[in-house]
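Me: Could you take a close look at a single part of this model for me? I'd like to hear how one strand sits among its neighbours.

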Amino acid sequence: MSKKYKLKKKTIEVTKIITHHHPLTASDRVTYSYSYKKDRNNTILEVVNVSYEVEIDDEWITILRFDSTHGKMHCHMRISLQNPEEVVVPGGWIARKGTPKNWLSWAMKDIRKKYLNYRKGFFKRSGIKNLY
């Protein structure tokens, strides 16, 4: 007597991280990264990073970034050019409901809409007088 064994197909979940840079001006850009599941829908699993960066002295400095590392969207802000530490910004104004795909869209729109305010605040905290 021989036994028949049925082999189960293993489902391998493949995730990828994608990163893009989008210029806002010659010295301002948005960089975003997200992880997604390679399936029919390319489901976004996590907002790895959505950051607003400013070029100062030929170096890109991240002054504000959003991520969903802990299962919810939150924001980190660099203190100043002289102090690279980040503070977590109180999240009352951050989109909390929805999917990581919604959060990614929300964060990108927020930066595009408010980047001049973020830039002005960072330059003020850094003692930089020339905004452009």
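Reply: Happily! His74, His76 and Arg78 point one way from strand β5, while Cys75 and Met77 point the other way. In a regular strand, side chains alternate between the two faces of the sheet. Both sets are buried in β5, where buried means under 20% relative accessible area, exposed over 50% and partly exposed in between, with a 1.4 Å probe and protein chains only. Indeed, β5 covers residues 74-78, and 5 of its 5 residues are buried.

A word on the source: this is a predicted model, so local features need pLDDT of at least 70 and side-chain atom pairs count only at pLDDT 80 or more, whereas totals for chains, interfaces and linings use all residues. Residues are numbered from 1 along each chain as its sequence is written, and side-chain values use heavy atoms, leaving out hydrogens and water.

Now to the neighbours. Strands (E, at least two residues) and helices (H or I, at least four) are DSSP runs, numbered from the N terminus, and two strands pair if DSSP finds at least two bridges between them. On one side, β4 (residues 59-67) runs antiparallel to β5, joined to it by 4 bridges. Leucine 64 has methionine 77 of β5 as its bridge partner. β4 and β5 form a hairpin with 6 residues between them, and in that turn glycine 71 has a positive phi of about 90 degrees.

β5 also pairs with β6 (residues 86-89), again antiparallel and through 4 bridges. Here the bridge partner of methionine 77 is valine 87. Methionine 77 is thus a handy place to start looking: it bridges to leucine 64 and to valine 87 in β6.
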